[in-house]
Amino acid sequence: MAIPIAIATADIHIRSSIPACRNDNFLEEQFGKLEFIINIANKYHVPIIVAGDLGHVAIWGDKLLSKVIPVLKKCDNEILVIPGQHDLPYHRISQWEESALSVLQSSNAIKVLLSGKPYTYIFKDIVKVSVNAFPYGVEITNPDKNTKADINIAVAHMMVIKNKPLWEGQQASKSKILLKKFPEYDFIITGDNHQTFTDTYQGQALINPGSMMRTTIDQINHKPAIFVLYDDLTFKKIYIPIDSNAFEDNYIDNILSNDEANKR
């Protein structure tokens with residue numbers, strides 16, 4: 001029987017501001033979804049791996065921090081986070097200690113992973129997992145050959161697409177090319193692209209979880225999800241519950257009206 005080893009997620013974007021397109025209690029919804037992810041991790045008794053942008057901005061207010069920390073601490077296992085550009089002051093990895101991530105780590109709510117020595121853990125005294133971190137601005141490299149692990153995971157915050165560019169002229173890495181370039185990794189988890197997709201190649205898997213929340217009108221059909229990773233290199237998608245009526249009707253009508261006007 002396959003053994004679950006981690007939950008993969010990304011682009012959580014915890015925030016205190018409310019997107020213009022939402023008409024629900026957005027602030028409470030984001031905490032509910034965060035607790036859903038933690039409950040799944042506790043169910044499987046595995047750590048959570050966040051591929052960047054835990055927060056929407058680098059510096060959080062005390063009110064937001066005080067509300068988030070108790071929620072994160074409900075996780076029975078570690079929450080492993082790499083910094084994305086939204087987590088970093090001025091998008092600079094050298095200043096991550098001035099960010100909310102530093103406060104959360106000091107509060108023992110998360111563990112921040114930076115590039116360099118991989119983070120390893122042994123799951124159920126059976127499976128040794130090596131997590132190699134590549135925060136925003138750091139390119140993926142091959143895993144350390146001295147780290148003898150059963151499963152090697154790369155976690156990167158970089159724009160990756162599966163097929164077509166998201167917009168004309170976009171420069172982004174393609175998932176299949178990454179898998180072929182780094183065959184030493186069993187899993188590659190990426191963040192930054194808010195769409196959800198997976199790709200596989202010769203037993204490897206690239207997982208781009210997508211965003212936890214729907215914050216723009218073009219995400220109205222987005223179905224947020226997390227992924228359970230298994231020791232036999234398979235994975236399972238679990239959808240995060242959403243409110244089908246969360247978007248502001250007037251906002252949608254205005255967008256559609258403007259689109260029609262622009263076509264004339």
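1. Start with the largest nonpolar core of this predicted model. It has 66 residues, and Ile 5, Ile 110, Ile 153 and Leu 229 touch the most other members. A nonpolar core here is a set of buried Ala, Val, Leu, Ile, Met, Phe, Trp, Tyr and Cys residues joined through side-chain atoms within 4.5 Å, and buried means under 20% relative accessible area with a 1.4 Å probe, protein chains only. Helix α1 (residues 26-44) gives the largest share of this core, eight residues; helices are DSSP runs of H or I, at least four residues, and strands are runs of E, at least two.

2. Have a look at Ile 153. Leaving out residues up to four places away in sequence, Ile 153 touches, among others, Ile 5, Val 129, Tyr 185, Phe 187 and Leu 229, where contact means heavy atoms within 4.5 Å.

3. There's also a second, separate core of 13 residues, including Phe 134, Ile 140, Met 158 and Val 160.

4. Now the sheets. One open, mixed sheet of six strands runs β5-β6-β7-β10-β12-β11; two strands pair if DSSP finds at least two bridges between them. Strands β5 (119-123) and β11 (197-201) each have a single partner strand, so one side of each is left without a neighbour in the sheet. Inside, β10 and β12 pair in the parallel sense over three bridges, with Ile 188 bridged to Leu 206.

5. Another open, mixed sheet of six strands has the order β4-β3-β2-β1-β13-β14. Its edge strands are β4 (111-112) and β14 (235-239).

6. For reading along: residues are numbered from 1 along each chain as its sequence is written. Local features need pLDDT of at least 70, side-chain atom pairs count only at pLDDT 80 or more, totals for chains, interfaces and linings use all residues, and side-chain values use heavy atoms, with hydrogens and water left out.

How values were computed. Buried < 20%, exposed > 50% of the residue type's maximum accessible area, 1.4 Å probe, protein only.
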